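Trainee: Could you walk me through this model, one feature at a time?
Mentor: Gladly; let's look at it together.

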Amino acid sequence: MNYRSVGDLSALISKNAGKLPQGIDLIVGIPRSGMLVASLISLKLNLPLTDLYAFLRNDDLKHGSTRTYKHDALEKPQNAQQILLVDDSIATGNSMREAVTKVKEVYPGAVVTMVAFAQQHNTSEVDVHLDTVEQPRVFEWNIMHHHYITRACLDIDGVLCVDPTLDENDDGPLYQQFLASARPLYLPSVQVAHLVTSRLEKYRPETEAWLKKHGVSYGKLHMLDLPSAEERRRLNMHHTFKARIYKEQLQAILFIESEEHQAREIMRLSNKPVYCTATNEMYVPGFSVSALKYVTLRKGQSLKRKIREQVRRLFARLPA
């Protein structure tokens, strides 16, 4: 599996700004993911921005009071001479083709198509691509809604909802109140294979009620079967419990954890990838920070490419 973060995307756009053709008057993003890429390009190059559907309606262009654009006189998007039509990635190419068709029905000007991430076999389907990222791939901005979630293990606190405060984590009335009213964070839009939490088994009814209230669909809920939070702290088995469950689920290809140390330990103990919401990093077996200095690179091979190759080989060995 290949992974890219928002930070990777921003750096990629800065590095490849010179690849964009001259004469672009307007950036048009394809909702939703394309708007992320389009917004970054618009901000970095100081060009006006709109979304596909506002462009098709020819809505007035707007900008903030603290910034003026290169093409500040452009009030209507369809008055642009040349637009950059942007999406985050291309797979089948259907989204971009449909967008181009809609644009050309109402717009006689020049259309340049661009994606941040293409694959080797489909780079010719757009005018500009910034990088090639092969399948399987996942991005920071779609990881909680990707079909890989159907084969993943997810933590609850810090992922699906906020963590309890020290006061709320009293293993008593305040904690029960927290369980009932915890603020949601990153709720997946597809069914999760396994929820794996260090919450205690005695709080299963409250946890299941919260999950139902917020529409979280899941296969199985794994909780720590210990008598008290004090015993859990004494044993310090948060990461060992999560890693054991993850390792036992042979079909599970990803764990999503909120705390960096636990994420690294779950990765180490399970020997499988772990994504950390706190750092927006994918931790992969064999590539801990302490081990990076021992990685041997072929001539001309970047460290990132070496890691990506290792991730791809790892996922190729997992059950289908």
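Trainee: Which residue stands opposite L84 in β5?
Mentor: V112 does. A word on the source before we go on: this is a predicted model, where local features need pLDDT of at least 70, side-chain atom pairs count only at pLDDT 80 or more, and totals for chains, interfaces and linings use all residues. Residues are numbered from 1 along each chain as its sequence is written, and side-chain values use heavy atoms, with hydrogens and water left out.

Trainee: How many helices and strands does the chain have?
Mentor: Helices (H or I, at least four residues) and strands (E, at least two) are DSSP runs, numbered from the N terminus. Here the chain has 10 helices and 13 strands.

Trainee: How do I read a sheet, and what is the strand order in the one with five strands?
Mentor: In general, strands of a sheet pair through backbone hydrogen bonds, either parallel or antiparallel. Two strands count as paired if DSSP finds at least two bridges between them. This open sheet runs β3-β2-β4-β5-β6, and its pairing is parallel. β3 (49-51) and β6 (128-132) are at the edges with a single partner strand each, so one side of each has no neighbour in the sheet. Within the sheet, seven bridges join β4 (residues 82-89) to β5 (residues 110-118).

Trainee: Which helix lies across β4 and β5?
Mentor: That is α4 (residues 94-106), running at about 160° to β4. For such angles, axes are lines fitted to C-alpha atoms, for helices over the stretch in contact, and the angles run from 0 to 180 degrees between N-to-C directions. Contact means heavy atoms within 4.5 Å. Helix α1 (residues 6-15) lies across β5 and β6, at about 130° to β5.

Trainee: What is the strand order in the sheet of six strands?
Mentor: The order is β10-β9-β8-β11-β12-β13, an open sheet with mixed pairing. Its edge strands, β10 (218-224) and β13 (281-283), each pair on one side only. The twist averages 25° from one strand to the next. Three bridges join the parallel strands β11 (residues 254-257) and β12 (residues 274-276), and E257 stands opposite C276 in β12.

Trainee: How many residues are in the largest nonpolar core?
Mentor: A nonpolar core is a set of buried Ala, Val, Leu, Ile, Met, Phe, Trp, Tyr and Cys residues joined through side-chain atoms within 4.5 Å. Buried means under 20% relative accessible area, exposed over 50%, and partly exposed in between (1.4 Å probe, protein chains only). The largest core here has 48 residues, and those with the most contacts inside it include I143, L254 and I256. A second, separate core of 22 residues includes I41, V112, F117 and V128.

Trainee: Where do the cis peptide bonds fall, for example the one joining P31 and R32?
Mentor: That bond has an omega of about -5°, and R32 lies in the loop between β2 (26-29) and α2 (33-45). The bond from Q135 to P136 is also cis, with omega near -5°, and P136 is in the loop between β6 and β7 (137-139).

Trainee: Is N236 buried or partly exposed?
Mentor: N236 is partly exposed, at a relative accessible area of 46%. This residue has a positive phi of about 50° although it is not a glycine, and it lies in the loop between α7 (229-235) and α8.
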